[in-house]
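Morning, everyone. Please have a look at the structure on the screen, and then I will take you through it.

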Amino acid sequence: MSTAIEEPRKAEARPEGSQGYFGRAMKRVEDPRLLKGIATYVDDLKLPSMLHAEFLRSPHAHAKIQSINTDRAKKLRGVVSVFTGADVNGKLGTVPCATPLPGGKSPDHKPLADGRTYFVGHPVAVVVAESRAIARDALDLIEVDYDPLPAVIDPEKALEKDSPLTHPELGTNVAFTWSLPGGDVESAFKEADKVLKVRMIHPRLTPMALEPRGCVASWHAGDSALTLWTSTQIPHLVRTLLPGLIRIPENKLRVVAPEVGGGFGSKLNLYAEEVVISHLAIHLNRPIKWIEGRRENAAATIHGRDQIGDHEIAVRNDGTVLAIRCKAIADVGSYRQLLTPAIPTLTGIMLCGCYKLKAAQMEVTGVHTNKMSTDAYRGAGRPEAAYIIERVMDLVANELGLDPVQVRLRNMPEPTEFPFQTATGLQYDSGNYQAAFDKARQLADWPKLLEERDAARKAGRLFGIGLSTYVEICALGPSKTMAAGGWEWGCVRMEISGKVTVITGATPHGQGQETSFAQIAADRLGLPIEDIVVLRGDTASAHFGRDTYGSRATALGGTAIVMSIDKIIEKAKTLAAALLKSTPEKIEFKDGKFFVSGEGKNALGWSQLASEAYVAKNLPPGFEPGLEASSFFEPPNCTFPFGTHVVAVEVDRDTGQVKILKYIAVDDCGKQVNPLLVEGQVQGGIAQSIGAALMEKTVYDENGQLLTGEFMDYAIPRATDIPDYVLGSTETPSPSNPLGVKGVGEAGTIGATPAIANAVIDALSPFGVRHLDLPFTPERVWRAIQGKGGAL
Amino acid sequence: MIPAAFDYARPATLDEALALLAKHGEDAKVLAGGHSLIPAMKLRLSQPKVVVDIGRIDELRSISKRDGKIAVGALTTHYEIESSDLLRLACPLLPEVAGKIGDVQVRNKGTIGGSCVHADPAGDWPAAMLALDAEFVVAGPHGSRTVAAKDFFVDMLTSAIKPDEILRLIYVPVTTKTTAYVKFAQKASGFAIAGVATVVDRARKDVAIALTGVATKAYRAADVESSLRGSDLSAAAIATATQKAANGVDPLSDIHASAEFRAHLARVLAKRALELANSRG
């Protein structure tokens, strides 16, 4: 997808009313400020008389706190105060989980440790001081007498009868159970010629956003109002959730997400630290800043994945996959964070992938362990589903001696079968899986790739080819399926000068909506893109919103903007009719001009109409001044982007190192507002997926110490690990929104890991390797070649 | 990631620096490129009372030929070594090692002396120093002394340098082109899980081969060397000899590589290093 790229807001002569921004590859208007270092992140904020906070964190995975002595710390010059759970927990609500599930027990999540610590990194106390350095020095002066207790680390052992308990007072390590019947599994298995069994492990991953978390809270005593700047994906959800916890009314809280340096789901949460800092800013009546360190980020910001699944697959000898039955364990960690239990349910509903399974059953047991909580990490349950079904397709082909291409084609629904009803109860909105599948293989020059593999194998090289198709669920989602509103809000304000301010509730945190939403608005209004400003991330201006996660912003937030523009156009027609001495029905709107049908000469532009609407001297009777509209878009369904990824790898038989030789991806995210942003999302997603496939794994030792707590030990891919991608796309518009868009933020992380896995396992097939768990680190691959198990 | 409070001194000469070390003893730490000390201080694993920054002592930063040997000042950065024309011709092993350390930012600040004195078991330099039989000239309160490479790397994170001493320069011999450094890097940190430096002397039918990353300290693979002494260095001879690359050592084991895998990599990389050096003749 090599696209001509346009500069943002270039002063090129673009006459007013020019159309066609939608679909153009344009550089982001956000980039200059980010590249010049003049953007404002939380840590750039400096308020008068601002204090700094540092948290003391548990060095033990599980311990009883016998005593805490903060006297020495409080006496350090420059320390304002030190607070423990005993000081603040009684005044605060508990950290929320929006998606609880029955079947087990979970503890109240007090903001600071309450007599016990449940994971390494658990906040035990907080120091507030005149500088960050003083606060850090004071941490060393707090004396905590810990009585270490047995830690629960392995989620499978946690289910054994004699296991120690993560939370002894609950009497169980089971946090929840969830099951998805998913059709008539029994009869599908009766129909089967063969039943395959396989265990798959999805390792725990650390999101490692470039910017760790952080917040600044400022109490305006005169107004009894709090402003919280926080590095979050969800300022609006924070504003919904936080007031009750810190006991202030919702309309006395303003939440601002300034520039956010990456989230990947890790900032789709309300964290204990945000609650404590907000409370203390009120209590001390001074602004307080807290900035998370990298090691804190690795230990105390949510982790992702961490599922173990035992899968049974019913197949016919012709390669038809009839049904899948999964029994999974999800490692919850110590507490349920905002969406923790929901993540494995996304795996369940997406189990069918791009295929016509008759039945797909999943049973999940969520297990508490003395580790950091797991929650949404880019893809959130969907990479697990794509991985399972795409590994299954290769296993079926391998077992039956069939071509993996043919097995996939045999099981795909035809384009005419959409909207397609899955066994898991979803309705896939639109799709043409064969088109993307064919295009990817064309771009990969599939027959030549097979020849290359044959030649390489003859020469004794370990060469593998992997395929994966994927479908994901995006634009989450109708409100009836969500914990608290699946709509999105947008506002469009025609200013008195004819400039336009667009305000979105779908708060971006790096996706580029200041550009793509301006493209949408400029086209719809018939104005140059230079006239549009997109505001985001501040609940004082974006009055409503459900923010950005699950690749929802463009489909939902973009549509809310379109709806608002259409309202303004309708209103402007009434005004134009009065000014042109006609009637609204006779007014046409085209290329930014309003005119009486057939009388284009006397057209009125936006600037004239805006001026009239606000100066308000010539308004028709009953016409309300102003040109401004806001809208809530409630989607009828989610969207279901899809695609195919093809990978060729070579394995070094002596060292086990995997090298990606070729990477081809064809993604279909429906209509593309800005192909450059689409490509950026796909590239970044694949890069993160390469990390998951080849190097990333969060490791705790048997005592619950985090061994991958910094970049010296947690590997993430670097530029030199990324191959040249060949990217393509197909376009199957979504019927779920008027823009026809689907979402692309997570596509790369969902489609890429199984393709790489299939390629590596294909490369190892000469050694009889049928399945291997992620990540394919050199030692793990070498051991597979040697026929040995083990390795981290 | 904020260090504990410390005093900072920036002496202009080596004598001043030595005087500061004599005065503060174990409370002082020498700062060169800072790539090991500063992270340790930020984690408060190291809390020196005084940091003696020797970064402005220019006499420690040089690459020159002296008495038929090459003298590399302790403060010479990895990048200066990587890009040195003199070394490229006279001791090409050093630029080859330097180019495989960390990334450009690390190589621009990190120094060969700091890395050797720190004696990280996964550092790249110790393998080359051992293979080259380098000599370390150490300045102390009572004058200079010279330490052979085999005596310099004492144990994990322990070199022969005493708290009141400063490494001044390192002597390495002029070599032919038949040298090589082959490294298998730990994915996250870039440090060596195994790194093999070798110097092949085809005229004398002799090889020196040293490994880093595998054990608590870098070592010469004596069994490999004795197997190849006087041999024709054929592929078969190298393959047989390098099976002994981990003989007599107790390999490290961690989340990045088990002891078994480290020992295996030692053998694989020893073979590759010797083949590569041999091919350069």
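Which cysteine sulfur is closest to the sulfur of A:Cys638, and how far away is it? The closest one belongs to A:Cys474, at 8.6 Å, and that is too far for a bond. Keep in mind that this is a predicted model.

Let me stay with the cysteines. A:Cys638 is buried, because its relative accessible area is 7%. Now A:Cys352. Its closest cysteine sulfur sits in A:Cys326, 9.7 Å away, so again too far for a bond. A:Cys352 has a relative accessible area of 1%, so this residue is buried too. How many disulfides turn up over all chains? Zero, in a search of the whole structure. As a reminder, a disulfide is a covalent bond between the sulfur atoms of two cysteines.

One more cysteine: A:Cys669. Where does it lie? In chain A, in the loop between strand S27 (658-668) and helix H17 (675-694). Buried or exposed? Buried, because its relative accessibility is 5%. What does A:Cys669 touch? Leaving out residues up to four places away in sequence, the contacts are A:Pro641, A:Val678, A:Thr730, A:Val741, A:Lys742, A:Gly743 and A:Val744. There is also a distance to note here. A:Asp429 is 240 residues from A:Cys669 along the chain, and their C-alpha atoms are 12 Å apart.

Next, a histidine. A:His509 is in a chain A loop, between strand S20 (500-504) and helix H14 (513-525). Its relative accessible area is 10%, so A:His509 is buried. With residues up to four places away in sequence set aside, A:His509 touches A:Gln233, A:Val260, A:Gly262, A:Gly263, A:Phe264 and A:Thr548.

On to the charges. How many salt bridges are there over all chains? The search of the whole structure finds 72. I have picked out a few.

Start with A:Lys358 and A:Glu191. Their side chains meet in a salt bridge, 2.9 Å from N to O. This pair links distant parts of the chain, 167 residues apart. A:Lys358 is in the loop between helix H9 (342-349) and strand S15 (359-368) of chain A, while A:Glu191 is in helix H5 (residues 185-191) of chain A. A:Lys358 is partly exposed, with a relative accessible area of 45%. A:Glu191 also counts as partly exposed, at 32% relative accessibility.

Then A:Lys662 and A:Glu452. This salt bridge has its closest N and O atoms 3.1 Å apart. A:Lys662 is in strand S27 of chain A and A:Glu452 in helix H13 (residues 446-458) of chain A, so the pair ties together parts 210 residues apart in sequence. A:Lys662 counts as partly exposed, at 29% relative accessibility. For A:Glu452 the value is 30%, so that residue counts as partly exposed as well.

Chain B has one to show. B:Lys49 forms a salt bridge with B:Asp27, and the closest N and O atoms are 4.0 Å apart. B:Lys49 lies in the loop between helix H2 (37-42) and strand S3 (50-53) of chain B. B:Asp27 lies in the loop between helix H1 (14-24) and strand S2 (28-31) of chain B. So the pair ties together parts that are 22 residues apart in sequence. B:Lys49 is exposed, at a relative accessible area of 53%. B:Asp27 counts as partly exposed, at 37%.

There is a network as well. A:Arg57, A:Arg213, A:Glu273, A:Glu292 and A:Glu296 are joined into one by salt bridges that share partners.

Last topic: where the chains meet. What is the area buried between chain A and chain B? About 2,200 Å², with carbon and sulfur atoms giving 56% of it. On the residue level, 28 residues of chain A are in contact with 23 residues of chain B. Seven salt bridges are counted between chain A and chain B. One salt bridge joins the side chains of A:Asp137 and B:Arg44, at 2.6 Å from N to O. Polar contacts between the two chains come to 14 residue pairs, with both residues at pLDDT 80 or more.

Which helices of chain A supply residues there? Helix H4 (132-139) and helix H19 (778-786) each supply at least two residues of the side that touches chain B. By class, that side of chain A has 14 charged, eleven nonpolar and three polar residues.

Thanks. I am happy to go back to any part.

Notes
Residues numbered from 1 in each chain as written. Chains lettered and ligands numbered in written order. Predicted model: local features only at pLDDT ≥ 70, side-chain atom pairs only at ≥ 80, totals over all residues. Heavy atoms only, no water. Contact = heavy atoms within 4.5 Å. Buried area = accessible area lost by both parts, 1.4 Å probe. Polar contact = N/O pair within 3.5 Å; in protein donor to acceptor, adjacent residues only side chain to side chain. Helix = DSSP H or I, 4+ residues; strand = E, 2+ residues; numbered from the N terminus. Nonpolar A, V, L, I, M, F, W, Y, C, P; charged D, E, K, R; others polar. Buried < 20%, exposed > 50% of the residue type's maximum accessible area, 1.4 Å probe, protein only. Disulfide = S-S within 2.5 Å.
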